[in-house]
Amino acid sequence: MMSNQGKKKEIVYEIYVQSFQDSNNDGIGDLRGIIQRLDYLQKLGVTMLWLTPIYQSPMVDNGYDISDYQTINPIYGTIDDFDLLVQKAHRRGIGIMMDLVVNHTSDKHIWFKKSCQSANNEYSDFYIWQNPVNGGAPTNLGSVFGGSAWEYVSSRNQYYLHLFSKQQPDLNWRNPNLRNAIYNVMRFWINHGIDGFRMDSISLISKPKHFINMPLSHGVKYAPYYREIANGSQLHKYLHEMFDEVLKGKSILTVGETPHTSIEQAQKYLNHSYPELDMIFQFEHMHCDYGEYGRYSDVRFKLSDLKKSFNQWQNGLSWNSIYLGNHDQPRIVSRFGDEHIYREKSAKMLAMATLFQRGTPFIYQGDELGMTNCNFKSIDDYHDIETRNKYHELIENGMDKHQALKIIQIKSRDNGRTPMQWNDSKYAGFTTHKPWISVNKNFQKINEQCEEVDSESVLSFYQELIKLRKNNKILIDGDFEPISVNDSAIFAFMRKLGKQMIIVICSFVDKKVQYNLPNNFKVENSAKIIGNYALKNSKLKQTMYLEPYECDAFSID
Ligand code: TEU
Ligand code: CA
């Protein structure tokens, strides 16, 4: 865990390793590819790279199914490549954050293979086994990716739990030997010089002792996993122990991915009298566009919901992670902005709306170029296990193929997983070989080379915002206060430190709007520090007219 001041300065950049840069032209991004792009990342100004899992894996869930925690997947390189990456990143003042996936392993992990063999060996209790009930699954619990969360193994005549795919059996954290094995894995990577852990699905590691059938809503076959499982009774005991055993006194930045966690529950992870994690990824704002079929519904977010969520979390925690996109989500410009006429304007606005909030910003690769959803034309072009399962589930539920594909196009996790668009050459400069997933068709228009030469580009705007954040203490240490909470087009807030203020105004609509600032601000002393329409609104005014997706930040001294 880092000192408070240290961690507040970090700006984290998530690298989806298989889609960032391919160095040996086999169509898959790799560690040497990241090394090739360190200059780019340094110029962008980010201070830490979160690498999605690079361990040995059969890749059923793109590496989130780990079969050996201490071996680099050969498709990404070797441990020497990894050490070189750490060394070269450090030389540029950039840290490396590893993805720690310890809610489950792959079914190809040696622990699981041994666990399947019998109920009385060293690994028998590394996973969660239950006896059949009435000749079937122990309960009606469902998996995140669809179907039952229980899978039968005849050698034990028992079922094991898998909250995700059946190739991802859940680990049994009640077993102290398992916990020690995980702590050893963490020490191994700390000894390789890493600077942080992003802990996958960490809110799910404490399972109930007794599983029960949960009530089912009409027409649904399986119970949602999170009601019974998220934030289980032993969770904080485990995280305290992990902190004492591994993290205490070390300069390691930690962020826990915590699906289904409320603000009150979140506070417990960040309890300063007994620290567990530096920050968490909460999901509330990711649910703003859920509908009848949960995430896979044809629903557009409402700004009022997004604002409410931002403001509540800012209010409830003094520090947290700030994010809009990652490898599990659609592209932010397509989802919260406009991927057509106002792509560039809205991409910049979303950057300001996140980078100027209080907290540690997480930028997802390609968002700094304004990359968009991939809109593949056929389900066969999608690779993601969740996408494919959900598509079939929608059709089984009676939806026609057209509509199901439409929903996949707007919500699929693959939207964020297409190759980085570096230039306009075939395969976008990501590789010269056919990549593992298709490049977005718009790569000739949207790519790093175009952005690089344009001082008005989305990329240049990110660089500016990051510079401002680094050079203005108020953007890090300042308080956060929402402004105009009921405005349905504008997300506005104030950062405040001593007598200094920064007012941030972000329009989320594709037309001109009038904005009335509450009248308690001394608009005379204001100066614009940055905006996405350089020549507009150079001063803060009581009544302002904002262009589509306009964003401005003003300082008041
Ligand atoms: O995601 C955990 C998680 O909460 C998922 O529900 C995720 O949000 C879902 O895919 C959204 O529909 C983590 C990883 O980030 C994800 O890539 C993995 O597939 C998952 O864990 C299993 O390891
Ligand atoms: Ca490669």
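Two strands pair if DSSP finds at least two bridges between them, and strands (E, at least two residues) and helices (H or I, at least four) are DSSP runs numbered from the N terminus. The model here is predicted, so local features need pLDDT of at least 70 and side-chain atom pairs count only at pLDDT 80 or more, while totals for chains, interfaces and linings use all residues. Side-chain values use heavy atoms, with hydrogens and water left out; residues are numbered from 1 along each chain as its sequence is written, and chains are lettered from A and ligands numbered from 1 in the order in which they are written.

**Exercise 1. Place strand β1 in its sheet neighbourhood, using Tyr13 as your guide.**

Step 1. Start with β1 itself, residues 12–15. Val12 and Glu14 point one way, Tyr13 and Ile15 the other, and all are buried (buried is under 20% relative accessible area, exposed over 50%, partly exposed in between, with a 1.4 Å probe and protein chains only).

Step 2. Look for partners. Strand β2 (residues 48–51) pairs with β1 in the parallel sense over 4 bridges. Strand β13 (residues 360–364) also runs parallel to β1, with 3 bridges.

Step 3. Now use the guide. Tyr13 has Leu49 as its bridge partner in β2, and in β13 it stands opposite Ile363.

**Exercise 2. Describe what surrounds ligand 1, and work out how much of its area the protein buries.**

Step 1. Collect the shell: 19 residues surround the ligand, and Asp61, Asp200, His327, Asp328 and Arg413 come nearest (near means a heavy atom within 4 Å).

Step 2. Sort the shell by class. You get 6 nonpolar, 4 polar and 9 charged residues (Ala, Val, Leu, Ile, Met, Phe, Trp, Tyr, Cys and Pro count as nonpolar, Asp, Glu, Lys and Arg as charged, the others, Gly among them, as polar).

Step 3. Check some side-chain N or O atoms against ligand oxygens. Asp328 has a polar side-chain atom 2.5 Å from one, Glu386 has an N or O atom 2.9 Å from one, and Ser201 has a polar side-chain atom 3.3 Å from one.

Step 4. Finish with area. Taken alone, ligand 1 exposes 490 Å², and the protein buries 96% of that (Shrake-Rupley method, 1.4 Å probe; for residues, only the protein chains shown count as cover).

**Exercise 3. Take three salt bridges and say where each sits, and whether the residues given are buried or exposed.**

Step 1. Get the total: the structure holds 31 salt bridges (a side-chain nitrogen of Lys or Arg within 4 Å of a carboxyl oxygen of Asp or Glu).

Step 2. Take Glu257 and Arg198, which meet at 3.3 Å, N to O. This pair links distant parts of the chain, with Glu257 in β10 (residues 253–257) and Arg198 in β9 (residues 196–199), 59 residues apart. Glu257 is buried at 6% relative accessible area, and Arg198 is buried at 1%.

Step 3. Move to Asp384 and Arg417, at 3.6 Å, N to O. Asp384 lies in the loop between β13 and α13 (385–396), and Arg417 in the loop between α14 (401–411) and α15 (448–452), 33 residues apart. Asp384 is buried at 1%, and Arg417 counts as buried at 1% too.

Step 4. Try Asp477 and Lys473, whose closest N and O atoms are 2.9 Å apart. Both lie in helix α17 (residues 473–477), 4 residues apart, about one turn of the helix. Lys473 is exposed, at 56%.

Step 5. Trace the network. Salt bridges link Asp61, Arg295, Asp328, Asp384, Glu386, Arg413 and Arg417. Among these, Asp61, Asp328 and Arg413 have already turned up in the list of residues nearest ligand 1.

Note on methods:
Polar contact = N/O pair within 3.5 Å; in protein donor to acceptor, adjacent residues only side chain to side chain.
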